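Me: Got a model open here and I'd like to go through a few spots with you. Ready?

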Amino acid sequence: MTTARELVVVDGRVLLRACSLYKGHACAVIEQHHLAPKSWWLAAGKAIDTPLVGICPNCHYGAHAALDGLIAGRDVSALPPRVVALARQGLAIAAAHGLTPAPTL
């Protein structure tokens with residue numbers, strides 16, 4: 001995870017930002033996170049080579065729940081589809097780079 005937070009304040013007013021996963025899904029705090037978790041790269045002793053995505057805290061933790069569920073072979077169908085898709089992208093990046101996915105929560 002990258003902790004760079006983006007908060008937009010205009011004329012003393014906090015503005016909502018769009019989460020990149022769902023149009024119209026707005027939140028005051030958007031954070032940039034690695035698609036394939038940083039911990040997997042560090043565990044493999046490799047330089048971090050994964051795109052960042054700007055998402056809200058809800059989608060961030062949903063993606064971690066999806067990652068952990070997929071790793072454990074659990075049914076993740078109750079989670080938002082785009083959150084699950086994001087987790088699948090992270091797992092695909094891990095496979096392409098020889099990383100070993102491990103639970104993130």
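Me: Which strand is Val 9 found in?

Reply: Val 9 sits in strand β2, residues 8–10. Strands here are DSSP runs of E with at least two residues, helices are runs of H or I with at least four, and both are numbered from the N terminus. This is a predicted model, where local features need pLDDT of at least 70, side-chain atom pairs count only at pLDDT 80 or more, and totals for chains, interfaces and linings use all residues. Residues are numbered from 1 along each chain as its sequence is written, and side-chain values use heavy atoms, leaving out hydrogens and water.

Me: Is Val 9 buried or exposed?

Reply: Val 9 counts as partly exposed because its relative accessibility is 48%. Buried means under 20% relative accessible area, exposed over 50%, and partly exposed in between, with a 1.4 Å probe and protein chains only.

Me: OK, next the loop between β2 and β3. What's the phi of Asp 11?

Reply: Near 55 degrees, so a positive value in a residue other than glycine. Most residues other than glycine have a negative phi. Asp 11 lies in the loop between β2 and β3 (13–15), and counts as exposed because its relative accessibility is 81%.

Me: Switching to α2. What do its buried residues pack against?

Reply: They pack against β6 (30–34), α1 (38–44), β7 (52–55) and α3 (81–96), with contact meaning heavy atoms within 4.5 Å. Among those buried residues are Cys 59, His 60, Ala 63 and Leu 67.

Me: And what comes just after α2?

Reply: Gly 73, which takes a positive phi of about 75 degrees.
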